[in-house]
Amino acid sequence: MEVTLNINGVNQKTRVEPGEVLLDTLRALGLKSVKKGCDTGTCGVCTVLVDHKIIPSCSYFTMKAEGKEILTIEGIEKDARVIGGYITAEGADQCGFCTPGLIMSIYSIPYNVKDYSDAAIKKYLVGNLCRCTGYEGQMRGVKKYLQEVIDEY
Amino acid sequence: MRLLNYEKPTSLSEAYELYNATKDSVVIAGGAYARLQERTISLGIDLEKLKLDTIDITIDQVSIGSMVTLRVLETHKQLNQEMNAVFKKATQQIGGVQLRNIATIGGSICGRYPFSDIIPPLLAMDAQLYFFDSGIISLEEYLEEPFERDILTKIVINKNQLCSFQCFKKTYKEFSVLNVALNRKGDYWKLVVGARPGRAMVARETSKYLKNNDSIDEIYEILRNEIPLGSNFRGGKKFRQILMKELFGKAYQEVVKYGSNT
């Protein structure tokens, strides 16, 4: 089926299978930051934003994304570098496979989390798994990012 | 799931006709679980253009469109303020935020998932389901009946109910090993136990006893004999029996607390 997708602010026409999921479509279009992990909507490495909401792109039919704004890490390069800097500064980035998905979720925190308490942040990020670490470093990085970049702004 | 075709009808009657004209078709709400099935389907009918994603709150009722996502149920301020946050409590541990942004209440009901966290409180609160063709049917009846090709449009619940939801999970966002919903409306009590691991059951006998009795131990004896529990990879029968007592006790305390607040 032919479909027009708005990806990172650019309209792109492409052909997809009727039951294709957004993860496969995005990767086929060269957006390789979007990773395939569990492929069942559990691990969060495939997280992208659709109409400003984080979604698991492995469990989201591409046909649903028609007429909506899709955002991947390629579309927020400046912010991603800043967030990534805070993560790596804490030594939290090991294999790096979960980082693009995690950064998309962190990027959306200011629009979705009212108070930046540990509990609220953890509840929001619970859908992003990391198999290398114990999340401590990520939490330090996220909190510093929110305090120094988001609150200051 | 392999789909051979994908349609987004713009009216309910069109969706209903498509669904019944193509025997080998499925209705797609959020699509989160649809794709996990390993079969080939000739047509997927996506309901997203039917404007079924609103919540209307009147003086005495709450009406939730079938396409409302679990994340909206979790974060809806007025809904949770007026219903003792039962929707927040019953949705906030279903997967991550990502999943809850796509999974819908309609999909959760029509999937009839035995592990569902949202079905027990809806059952306990006597939710009414509005179907396009067959009209209004209670959730309790719907879960007993065989599958019919109809389209769920909204879920309606009476307000002024005191419903507590309790669950036990091994990790924050895993499926419940057991869950319990206890509801009270005046003298009327209704207790539901889900993820037994079989599908959610209404504890009718126990609910009757709740009206005149406040000895948790005595009520639990009736509950233990009424609701069969089993074992699966999430937990054994004995473990579930211990959980049922604990969760029921917590739910009871919470409902009593809600009652003294009003």
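Select A:Asp51 in this predicted model. A:Asp51 sits in a loop of chain A, between strand 3 (47-50) and strand 4 (53-56). Check its backbone: phi is near 50°, a positive value in a residue other than glycine. Most residues other than glycine have a negative phi. Now turn on the surface. A:Asp51 is partly exposed, with a relative accessible area of 32%.

**A second positive phi**

Move to chain B and select B:Asn84. This residue is not a glycine either, yet its phi is positive, at about 55°. Look for B:Asn84 in the loop that joins helix 3 (77-82) and helix 4 (86-91) of chain B. Its relative accessible area is 26%, which makes B:Asn84 partly exposed.

**Chain B as a whole**

Zoom out and show chain B as a cartoon. Chain B has 11 helices and 14 strands. Its radius of gyration is 19 Å, close to the 18 Å that the globule rule gives for 262 residues, so chain B is as compact as a globular protein of that length. Along the principal axes, the C-alpha atoms of chain B fill a box of roughly 55 × 45 × 30 Å.

Colour chain B by burial. Of its 262 residues, 55% are buried. Then show the surface. The accessible surface of chain B is about 11,600 Å², and carbon and sulfur atoms account for 50% of that. Colour the charges next. Chain B carries 35 positive and 31 negative charges, and their mean positions lie 6 Å apart.

How much of the contact pattern in chain B joins residues at least 24 apart, among contacts between residues at least 6 apart in sequence? The share is 60%.

**Strands 6 and 7**

Select residues 55-57 and 61-65 of chain B. The run 55-57 is strand 6, and strand 6 pairs with strand 7 in the antiparallel sense over three bridges. Together strand 6 and strand 7 make a hairpin, with three residues between them. Pick B:Ile55 and follow its bridge across: the partner in strand 7 is B:Ile64.

Is strand 7 of chain B largely enclosed or open? Four of the five residues of strand 7 are buried, so strand 7 is largely enclosed by the rest of the structure.

**Across to strand 10**

Add residues 152-158 of chain B, which form strand 10. Five bridges join strand 7 to strand 10, and the two run antiparallel. Click B:Val62 to see one of these links: its bridge partner in strand 10 is B:Ile157.

**Strand 8 and its two neighbours**

Keep strand 10 on screen. Add residues 128-131 of chain B, which are strand 8. Strand 8 pairs with strand 10 in the antiparallel sense over four bridges. Now add strand 9, residues 135-138 of chain B. Strand 8 also pairs with strand 9, again antiparallel and over four bridges. Strand 8 and strand 9 form a hairpin with three residues between them.

Centre on B:Leu129. Which residue is its bridge partner in strand 9? The partner there is B:Ile137. In strand 10, the bridge partner of B:Leu129 is B:Ile155.

Show the side chains of strand 8. They alternate along the strand. B:Leu129 and B:Phe131 point to one face and are buried. B:Gln128 and B:Tyr130 point to the other face and are not buried.

**A residue that touches both chains**

Select B:Arg71. B:Arg71 lies in helix 2 (residues 70-75) of chain B. Its relative accessible area is 11%, so B:Arg71 counts as buried. Leave out residues up to four places away in sequence, and list what B:Arg71 touches. In chain A there are A:Asn112 and A:Tyr124. In chain B there are B:Val97, B:Arg100 and B:Asn101.

**Two loops beside strand 13**

Go to B:Gly186. This glycine is in the loop between strand 12 (178-185) and strand 13 of chain B. B:Gly186 is partly exposed, at 48% relative accessibility. Add B:Leu162 and draw a distance. B:Leu162 and B:Gly186 are 24 residues apart in sequence and 9.0 Å apart in space, C-alpha to C-alpha.

Last stop: B:Pro197. This proline is in the loop between strand 13 (188-194) and strand 14 (201-202) of chain B. Look at the peptide bond that leads into it. Most peptide bonds are trans. The bond from B:Arg196 to B:Pro197 is cis, with omega near 20°.

Definitions and conventions:
Residues numbered from 1 in each chain as written. Chains lettered and ligands numbered in written order. Predicted model: local features only at pLDDT ≥ 70, side-chain atom pairs only at ≥ 80, totals over all residues. Heavy atoms only, no water. Rg over C-alpha atoms; globule rule 2.2 N^0.38 Å. Buried < 20%, exposed > 50% of the residue type's maximum accessible area, 1.4 Å probe, protein only. Contact = heavy atoms within 4.5 Å. Areas by Shrake-Rupley, 256 points an atom, 1.4 Å probe, with all protein chains shown as cover. Lys, Arg positive; Asp, Glu negative; His and termini not counted. Charge placed at Lys NZ, Arg CZ, Asp CG, Glu CD. Pairing = 2+ DSSP bridges.
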